[in-house]
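Student: I am new to this structure and should like a close look at a single part of it. Would you please choose one sheet and set it in the context of its chain?

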Amino acid sequence: MASTVRTPHPREKRIIFRNIDRPGWTNDIDCYLRDGGYAELKKAFAMKPEQIVNEVKASGLRGRGGAGFPCGVKWGFIKPGGAKPVYLICNADESEPGTFKDRYIIHQDPHQLVEGTIISCYAVNARLAYIYIRGEFPLGAKILERALAEAREHGFLGKNILGSGFDCEIYVHRGAGAYICGEETGLIESMEGKRPYPRIKPPYFPAVLGLYLCPTIVNNVETLCNVKHIVRMGGAEYAKMGRPNNTGTRLLCVSGDVQRPGYYEFEVGGITFGQLIYDICDGLRPGRKLRAVIPGGSSAKVLSVADRYKIKSRQPDGSMLEKEMGLEELPIDFDTLAAAGSMAGSGGVIVMDDSRDMVWALNNINEFYAHESCGQCTPCREGSLWMKKITERMLHGGGTKQDTDTLKSVADNIAGRTICAFGEACSWPTQSFVAKFRDDFVAKSAGKENGTGSH
Amino acid sequence: MSAPTELLNVQIDGVWHQFPKGTRVIEACRRVGKFIPHYCYHPKLSSPGNCRMCLIEMGMPKPGPDRKPELGPDGRPVISWIPRPQISCAQDIAEGMAIRTDSPLAKECRNGVMEFLLINHPLDCPICDQAGECHLQEYSVEFGTASSRFLEEKVKKPKHVELGPRVTLDDERCILCSRCIRFMKEIAHDDVLGFVSRGSYTYLTAYPNKRLDSNYSLNTVDICPVGALTSTDFRFKMRVWFLKETNSICTSCATGCNTLIGTRQNVVYRQTPRENNDVNSSWMCDYGRLNFHYLNSPERLQKPQIQEKEALVNSNWKSALARAGDELRKFVNGQIALIASARMTNEELWLTKRLIASLGIVDHDVVPRRGEADQILLSADRNPNTLGAQLFGITNENPGAKLPEITEKVRSGSIRAIVVLGEDLTDIGLTTDDLKKLSLIVATGILPSETTRHATVLLPGSAFAEKRGSMINSKGRLQRLNRAVQAPGEARDDWEILRDLIQQLTGTNGIYLIEDVFRQIADAIPEMKGLSLSKISDKGVSLAEEAEETTKATASI
Amino acid sequence: MEIPAELESQIDEVIGHYPVSKRSATLPLLHLFQEYFGLIEDQAIEWIARKLELEPINVLELVTFYPMFRREPLGKHHIRVCRTLSCAMAGGYQLLDTFCKHANIVREHSGHDDHLLKSADGKYSIEFVECLASCGFGPVCMIDDDFFEAVAQEEVPQLLEKYQ
């Protein structure tokens, strides 16, 4: 096994990952309690649920699963005093390629998640919650079940928590190998025991018609952990970290052609790609130059080192300054990456150097999406496999002149036309790779008018 | 009466309209002549929104600074268009909504979805039963391209699967719209179909060892927009563009589902349900649907026959009717019984009533047929016109109650002659020996039976698809049959046979058209006052007092 | 179908986690059956359907959707190698080849659904899976329920040694 010693980098700001790889730390409740754990739970239960929701709103916390939707706004959709029960589901189905952060929270610091989940349940009045964990984390599921049992034994979970009169029960629910279960309505369908086909919105907005057609909040693991810290320091204090509208810290997962891939926690926008790749991850492989970065999991559009972005940023005096930047200068936050034509997504940063063939990379990604498409709606079901077949054929020498344009056209016919965001997820890679690395694709189709397929 | 429904203002392709609140967007567009192509949407089923063919551009009123809609120079809201196209089948209209059904974006969406549906679709049109009524074919003409740019291998799936005794499935043709699954679950209450596997390899199946054998299985064939689900009975029989389709009703039970009878060159090839929200919604049961093959049977009675020296010989109508009249006149009141059928039309039953009167018959009834009702469409009464028979006094509130008495009288000899109309006497308990005891049997019918074999005078009649007339269903709805094919050989309309028989006996006539018969009925029966065969139309008319009750009861289908 | 008492009590316990709808217990029940019997047979599907008051097709729909549920038995030890981008860049495809070589698995691709490869003696089965969420430390693989990161090609024989 190669060395996977992971001591925190001095430039990191570890709040969520404070206990990951911490010497002497164990994942049982006694260790957590000795360290002051569950103090935030007690603090939360001394507050009113609306107060907690307000703190989360003030904190500006944005979902850490990939969509970046403001958590406080999502919670605000749940109207208190409704006739139907409210449910909360923790999305621990970490499956976005390039992402590897929730794994460590689950395996090494499960009580942070449990505490954050219970606080969140109290805030939105959810008496029954589930942690939907991907099937490929069997050990993680056992660890979480043990953590929940420990929490129950200590009265942090179950009936009349801390004497507050609030009952809450949390169960672990294991997935079984489907990426689409990470989509919140697909997850809800999977929880109901049906094929995880995402629901159409309107009308099935989870906050209105979610699990069992009741109001439901689905939040990512990291997001729920953040709630605990927001309760600890207060929403306003939390909002001081990061940048306006991009507050707090976030976990970045770096993989690919860097010397020191791994997980790192920074203030949102506190680091640029250049700093991340060269300073934190010790640069690229010897003799290699940077070619491309996928900034937020494979669903995010790829960024090329040849790109030029016009990014606006607010100056200390309040004015807006527009600057032209290259890839390496981009600070990593939600708004900047959106302005650069991509997204911060799940925080999975995949670095590719100049040894990588982009057709090969896109084909690998296309195969993932073709495999994971649930098949419910026409464009994604047919288009994802079609795109994979084209890039596969190109890789094996069967490329034709039309392929590059066909790829783009097929991707354009999927994005925006599907039931769920998987349509964008499977077409953005093709759109961006073809747009930014067209030469790689044209090179694979040189000289042939028609392919070997049927005509 | 419920409160009047609120009307909402909706702009469709630049023109403002009003629709009742609760109208689906796709229905609103259809009402103003803007048909939006679709596959998975069906007005009687839930809307999953998965085919994506009905994508259109949608906009909502732009909110002004005071949060109220900003108004334009025409006093109407200014529309803020949603950049992402929306499906029109799963959303109801809202106040101020605007729709573009034919913008460049909407067209692009349709063309895109069309292409996706065709890339893995097998080129089966030359051998596919759906050709001619296939939505994929139709929309590909409008929204497809002349040639394909798909160069890859198509996905292979099971073909020619026997999904059930009456339905054949071809998984490669299936576009995974899920209409069949939703129908079986929501309407037929038999959740037997489902999708297996994942992504582009998903295909439809029933669980192994479970079959699609519900009595409503063939409705899935109707609603399948492509040739994935086909009727095994109809498979490879006839191209649908050759079929003439006649509006009629099913006569296999008292529900009277509205149907389309598909024929060509005087042969019935299939029946399909015709939508009538007061009777059968858009469905019919398999039993009634397939109950037509006997029409084409080579055993059909085609010539009038007379008994001579213990054998039946062919005759002609004039002689046969004259013989029947002569024989009947030999008997006095009380010696003749009449067994009619609750499968006869009102017009035939009305003339039967006059025949009974002219012969002074007191022993008459119909043959009841009972089965189990299924709470969906199939009625427990398997006769289509029991109410008609009751209304005209051929039978009473207990159909068949008088049959034991009649059989007794036949055995004891006090009844010596029977007129049998469209039934078999062995069905009411008489044996062939009993039949031989009778001095006279005058029978109408369409297929041979013990009764027809022992008839003194045999008068071949018409089957349901061969006649025009009316019947009353179990809910008191007066519905019309239309003639789809001609009766074979020399067989005639039963009402004309009865009219001529009455003329033989009484000398009176005065009826030349079936409309005349109906006029007589309308004059004599208060419930039918003011009606005529054309007024009934192909949708029927509710006679029952509680007309609202009828609509409510069938609306739950 | 014979269900041992300890499995049945686990099943009943799990069903209790879903007070609102028994159907939600389908996935956990399938996991229990997969772990206990190593595969999901027709009888299991029918048993689960009866227990949860569903139609067998409702259960079959799930079994065929999720790759972790098998209709055929796996090898005594099952190896999963990640093939998604970061691991592929780190040598995931070569890792599968190396495993196949040392586990005596012949790499024959029969058809789409047949992506599960087995050794002739049934000791090992192997397949590619999608992202296992440890992309920075690729190539990654799982053998049974155990997870291994940054697997060097040379380590494969000694890894297999532990799973005999």
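Tutor: The model is a predicted one, and the part chosen here is a sheet of chain B. The chain itself comes first. Chain B contains 16 helices and 24 strands, and its C-alpha trace spans about 95 × 55 × 35 Å along the principal axes. Of the 557 residues in chain B, 50% are buried. If one takes the contacts in chain B between residues at least 6 apart in sequence, 66% of them join residues at least 24 apart.

Within this chain, three strands form an open sheet, and their order is 12-13-14. The pairing in this sheet of chain B is antiparallel. From one strand to the next, the twist averages 30°. Which strands stand at the edges? They are strand 12 (244-249) and strand 14 (267-273) of chain B. Each of these has a single partner strand, so one side of each is left without a neighbour in the sheet.

The pairing of strand 13 with strand 14 can be followed in further detail. Strand 13 of chain B comprises residues 258-264, and six bridges join it to strand 14 of chain B. The two strands run antiparallel. One residue pair illustrates this pairing: B:Thr259 has B:Pro273, in strand 14 of chain B, as its bridge partner. In the figure, the reader may begin at this pair and then follow the sheet across to strand 12, at the other edge.

Technical notes: Residues numbered from 1 in each chain as written. Chains lettered and ligands numbered in written order. Predicted model: local features only at pLDDT ≥ 70, side-chain atom pairs only at ≥ 80, totals over all residues. Helix = DSSP H or I, 4+ residues; strand = E, 2+ residues; numbered from the N terminus. Buried ≥ 20, exposed ≤ 12 C-beta atoms within 10 Å, placed from the backbone. Contact = placed C-beta atoms within 7 Å. Pairing = 2+ DSSP bridges. Axes fitted to C-alpha atoms, helices over the stretch in contact; angles between N-to-C directions.
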